[in-house]
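This report describes the fold and the packing of the protein shown below. It begins with an aromatic contact and proceeds to the core, the strands and two loop positions.

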Amino acid sequence: MSLNVVWQLTRECGLGCAECTTSKAHARTHELTTYEAYKTIDQIAAAKPQRLVMTGGDPLARRDLFELVQYARRRGLEPAVNVSPTRRLTPESINSLRRNGGMRLIFAINGSNPQKHDGINGIDGSFANTVRALRWARDGGLPTEINTLVTKRTVSDLAAIAEIIDAFRIDAWNVYFLVPLPSARKKEMISAEQAETAFGALTAIASLAKYRIRVNEAPEFRRFLMQQTHADQGQWSDFAGYVGNSEVVDELVFVSADGDVHPSEFLPLSGGNLREHSLRAIVSSSDLFASLRDRSNLSGKCRHCDYRDACGGSRARAWAVSGDLFAPDPLCAYLPPALEAAG
């Protein structure tokens, strides 16, 4: 089992960003205790993940964050911490993360200048605070990554954001295509045609960038790359990991603050809880994860698509838009030949 694990340590955060999907209500309710968090690290380590991201809310809101990071490192993991630009994020807290085994820090930038970023996040000064913390991390010798959310307001700004973050000497740019949760956010979701344009822009950026680009919740990017390189359908596995400087994250699990295991942080359906079952058992044997691995469950054009093994569409977006886990992903502009021939 080869996984990328995103673990939400807490829902608590002092920012309240407009674009955040984390529920603020009862933020610490049912949160894993320190002891349970240690057991969770043991389970994650047993799965031998390619990548572990500790996220929130604001991870620094947990008083035991440093010891959890240290324990994860002792178990052979390389924890990355997704931080929020709150008052807790200081040169001292960054140095403490580094001393305790934090391998990299992840920040969010959703605009190429303070006005755009702060306008999207709804928090005045968050751009300046993020840039300042990026410099602290760089001065402290910690590698950094940037998260960016692709919406109607940010899609035309991607090239400019790429130019800005290049100056920070980051290791990776994680580009998230919006999943409209709650449903009121559907108006912010880009069209399938805009997604194709964004894929082209990201491909061009990746050919020159010194950092890796990861595309999240847009497995159609893999289909796009295969079309661009005229790859044979049987070669889709070549695109399951790295393509030049680009990566499509596919084998991902999200562990919520209360121990529920989801196929995506944007899909509020759980395969089980770590208080009751092991991570390995949930991912390998639960009905939810098993059904998602079976591409024959797909419906509509996804079912008939010649790229369905390579892509499969975002199941989180399909569920958010239609309520059907296996419906076609509305982000996809591709028409399978089988359907095109049928008229």
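## An aromatic pair in the interior

In this predicted model, F221 has a relative accessible area of 1% and is therefore buried, since the limit for that class is under 20%. F199 likewise counts as buried, because its relative accessibility is 0%. Eight aromatic pairs are found when the whole structure is searched. In the pair formed by F199 and F221, the ring centres lie 5.4 Å apart and the planes meet at 45°, so the arrangement is classed as tilted. This pair connects distant parts of the chain, with F199 located in helix α7 and F221 in helix α8 (residues 220-229), at a separation of 22 residues.

Which residues are linked into a cluster by ring pairs? The cluster consists of F177, F199, F221 and F224.

## The nonpolar cores

The largest nonpolar core comprises 69 residues, and W7, W173 and F177 have the most contacts inside it. Helix α7 (residues 192-208) makes the greatest contribution to this core, supplying six residues. Another core lies apart from it and has 16 residues, including M189, F266, L298 and A320.

F177 thus appears both among the residues with the most contacts in the largest core and in the aromatic cluster. For W7, residues up to four places away in sequence are left out of the following list. W7 touches L32, A37, T40, I41 and I44, and also L52, V53, M54 and T55. Its remaining contacts are V255 and S256.

## Strand β10 and its neighbours

Strand β10 (residues 252-255) is covered on both faces. L252 and F254 lie on one side, V253 and V255 on the other, and all four of these residues are buried. In a regular strand, side chains alternate between the two faces of the sheet.

Strand β1 (residues 4-8) pairs with β10 in the parallel sense, over four bridges. Within this pairing, V5 has V253 of β10 as its bridge partner. With strand β11 (residues 260-262), β10 pairs in the antiparallel sense over two bridges, and V255 stands opposite V261. β10 and β11 form a hairpin with four residues between the strands. In its turn, G259 has a positive phi of about 95°.

## Strand β3 between two parallel partners

Are the residues of strand β3 (residues 79-82) buried or exposed? P79 and V81 point one way and A80 and N82 the other way, and all of them are buried. Strand β2 (residues 51-55) runs parallel to β3 and is joined to it by three bridges; M54 has V81 as its bridge partner. M54 is also one of the residues that W7 touches.

β3 in turn pairs with strand β4 (residues 104-108), again in the parallel sense and over three bridges. In this pairing, V81 stands opposite L105. V81 is accordingly a partner of M54 and also of L105.

Two right-handed β-α-β units involve this strand. One is made by β2, helix α2 (residues 65-74) and β3. The other is made by β3, helix α3 (residues 91-99) and β4.

## Two loop positions

G76 lies in the loop between α2 and β3. With a relative accessible area of 57%, G76 is exposed, because that class begins over 50%. G76 and A46 are 30 residues apart in sequence, and their C-alpha atoms are 9.9 Å apart in space.

A47 belongs to the loop between α1 (34-46) and β2. This residue is buried, with a relative accessible area of 3%. A47 and N4 are 43 residues apart in sequence, with a C-alpha to C-alpha distance of 9.9 Å.

## The protein as a whole

The protein contains 13 helices and 12 strands. Of its 343 residues, 55% are buried. The accessible surface comes to about 14800 Å², and carbon and sulfur atoms account for 49% of it.

Among contacts in the protein with a separation of 6 or more, 72% are between residues 24 or more positions apart.

Terms used:
Residues are numbered from 1 along each chain as its sequence is written. This is a predicted model: local features need pLDDT of at least 70, side-chain atom pairs count only at pLDDT 80 or more; totals for chains, interfaces and linings use all residues. Side-chain values use heavy atoms; hydrogens and water are left out. A nonpolar core is a set of buried Ala, Val, Leu, Ile, Met, Phe, Trp, Tyr and Cys residues joined through side-chain atoms within 4.5 Å. Buried means under 20% relative accessible area, exposed over 50%, partly exposed in between (1.4 Å probe, protein chains only). Contact means heavy atoms within 4.5 Å. Two strands pair if DSSP finds at least two bridges between them. Rings of Phe, Tyr and Trp (its six-membered ring) pair if their centres lie within 6.5 Å; planes under 30 degrees apart count as stacked, over 60 as edge-to-face and the rest as tilted. Accessible areas come from the Shrake-Rupley method with a 1.4 Å probe; for residues, only the protein chains shown count as cover. A crossover is right-handed if, with the strands pointing away from the viewer, the path from the first strand over the helix to the second runs clockwise.
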